[in-house]
Every structure is written in C-alpha cells, then in structure tokens.
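Please look over the structure shown here before reading the report, which is meant for someone meeting it for the first time.

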Amino acid sequence: MGMEAKAFRRMRIRPHLEMRMRMAAAVRRFFAERDFLEVETPVRIPAPAPEVHIDCVPASGAFLQASPELAMKELLASGFERIFQLARCFRGGERGARHLPEMALLEWYVKDEDYRYMMAETEGLICHLAEYEGMGNSLLWQGKKIDLTPPFERLSVKEAFLRHGSLSMEEALEKGCFNEIMGLEIEPCLGLEKPVFLYDYPVSEASLARIKPENPAFAERFELYICGVELCNAYTELVDAKEQAARFREAAAERAKLGKTAYPEASVFLEALGHMPPATGNALGFDRLVMLFSGAPDIDHVTAILPEEM
C-alpha cells in the first residue's frame, strides 16, 4: 500500500480514532471512580500460560504476552485489591475482520468477589461508556439496534446449545466439536437484541477458572456477546496452585499433540498463586468494543496503523 492510500485510509477513519480516545478516557474515569489502581506490567514475559488455542509470539528467548493475566495475578498475590490496565497484547496467527496480531485488552481484577459480581460490573462499564458517548440506552451497529438497558440477558452455555446448536453441549463435547458448534452456530445468534452474558462453561473449556462448588462439571466463567461479537472472557479465578499446575500440564500435553510450541513452566506465577486471595477477573477486547460503539464494520477501522502497513 502506497503512502497516499495509507493517508487516505487513516484520515477516513479519524472519527473512529477520536471515539477510541474518548472511550479510553471514559474507561479510566469508570475505574478511578471505583477506587481501582491502573497498573502496567511487562509486555515481554518468560513463561506464558499454555493455552491450547492461543499461540504466543517469541521475543528474544521470551514471549510477548497474549494477556497480562499472570502478571496482574502476581500483583493480587502481593496485596493489591482492585487493579486494571489497557494492555498491548500479541497473538500469533490471528488476523481477520475481528482479529489483530497486536491488540488492546482491557483487563481488571477485584479481590474477594466472584464472576457474578464481575457480570454486574461489566454491565456497568458498558452502560457508562454508552452514557459517556451520548448514546442513551441503545447501540447501533451495522443496521442492528441493541438495547443496552440493564439487566443484560444471562444465558448458560448448556441452554445456548439447546437453543441454537445442532447438538447438545454434552454431545458436542463427546464428539470433540464443542468449539466448532460454538463458533459457527451459537455465537452468531448471541446479543442480537440485548447484550448476552454466556456463562457456566464446561470445565474442559475453562483452564484458569474456578470449578463451581455445587456442580463440578462446570466452571465459573462467562463471555459477553453483542451483535454476535465476543467481547470479553471472565471468571472467578482459580487460586489453587496445585490444581492450576495440573491444568497447565494437561494443556501443554494437548499443545504437544498438535505440534505447537512448548512453553517454559510458569513457576513464578504458580508460586505467587499460592498467596493469591479469592478474586474475579475480566479481559475485554478494547478494539472490538470501539468497533461496536463507533459503528465501524471491522477492527481495521479503529486501528490507526495496520500490521500490513508497516
């Protein structure tokens, strides 16, 4: 792409970038009013969490973070109680209308709360941003009008499979096509009239989340969907270091079966986890949120410089 074409694209998307700036300021106001501390953690880390479907980018004997999660949990273990950051994160092989290899994640954690508290706080954040932008109680994206009046819908994963899937959740897990059905059949149906919190994932789909005490087949995890777009991944945090180490080993073994890069053991994180209090956390895709709020058709329209332009 020549310089003239780049300049034309960037000036055309300037209104989206101006909204992005305002929304970042509104995010900071939201958390400051709730007594959160904004933190910055290292982008280059020695050992990421071995998640099966996320590939980290190597960086001079270490890795660029896919999320600031491990570092922020270390801060919780050190005594911090309410923290957030707008972090630059990197994921290998991700590029599309809703994906960038370098992206912005809004991530925050609260001590002594669980995922139901986090649902309410996430709902509050979305409504705060809509009010800040003068949008009232509705959002218009690509011809779809979304009612933002709280409360947002709560829908269990099991019920979502019954409502929108060609198989039940149990059948999909047994046949190894849970993620395929989720991505192709269920996600496009979520949040088309009101935002939807999809909650209570099967344990196999929640590597860092706490298992539900009353039903050990499920984990206390949720995702938020608006217009079929996944916006966040949140859960009641697992704080059992031995159980987390076992889950990491399982994920590492699965990555090995798929021929993916092996990561060093996250020993510093696992040691810190033994001192971490009960907590809940959320990772929200800021680029996607701006895309929806600004009416942009894709994530490129809210990104000043694209990876292909460098």
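What follows goes from the whole chain to a single helix and then to one residue within that helix.

## The chain as a whole

This is a predicted model, and its chain holds 10 helices and 14 strands. Given 310 residues, a compact globule would be expected to have a radius of gyration near 19 Å, and since the chain has 19 Å, the two agree. Measured out along its principal axes, the C-alpha trace spans about 50 × 45 × 40 Å.

When contacts between residues at least 6 apart in sequence are considered, 70% of them join residues that are at least 24 apart.

## Surface and charge

Of the 310 residues in the chain, 52% are buried. The accessible surface amounts to about 14400 Å², and carbon and sulfur atoms account for 53% of that area.

As for charged side chains, 36 are positive and 49 are negative, while the centres of these two sets lie 3 Å apart.

## The annotated domain

In UniProt, an unreviewed entry lists residues 17-307 under "domain: Aminoacyl-transfer RNA synthetases class-II family profile". Across residues 17-307 the chain is 35% helix and 26% strand, and the C-alpha atoms at the two ends of this stretch are 17 Å apart.

## Helix α10

How many of the residues of helix α10 are buried? Helix α10 covers residues 286-294, and 9 of its 9 residues are buried, so that the helix is described as mostly covered. The buried residues include the charged D287 and R288, and they also include F286, L289, V290, M291, L292, F293 and S294. Just after α10 comes G295, which takes a positive phi of about 80°.

In general, an α-helix has 3.6 residues a turn, so residues three or four places apart point the same way.

## F293 and its surroundings

One residue of helix α10 is F293, and with a relative accessible area of 5% it counts as buried, because the cut-off for that term is under 20%.

Which residues are in contact with F293, leaving aside its neighbours within four places in sequence? With those neighbours set aside, F293 is in contact with M19, M23, I126, L129, A130, M135 and L139. M23, one of these contacts, is 270 residues away from F293 along the chain, yet the C-alpha atoms of F293 and M23 are separated by 9.2 Å.

Key. Residues numbered from 1 in each chain as written. Heavy atoms only, no water. Helix = DSSP H or I, 4+ residues; strand = E, 2+ residues; numbered from the N terminus. Rg over C-alpha atoms; globule rule 2.2 N^0.38 Å. Buried < 20%, exposed > 50% of the residue type's maximum accessible area, 1.4 Å probe, protein only. Contact = heavy atoms within 4.5 Å. Areas by Shrake-Rupley, 256 points an atom, 1.4 Å probe, with all protein chains shown as cover. Charge placed at Lys NZ, Arg CZ, Asp CG, Glu CD. UniProt positions renumbered as here; feature names shortened; annotations may be inferred.
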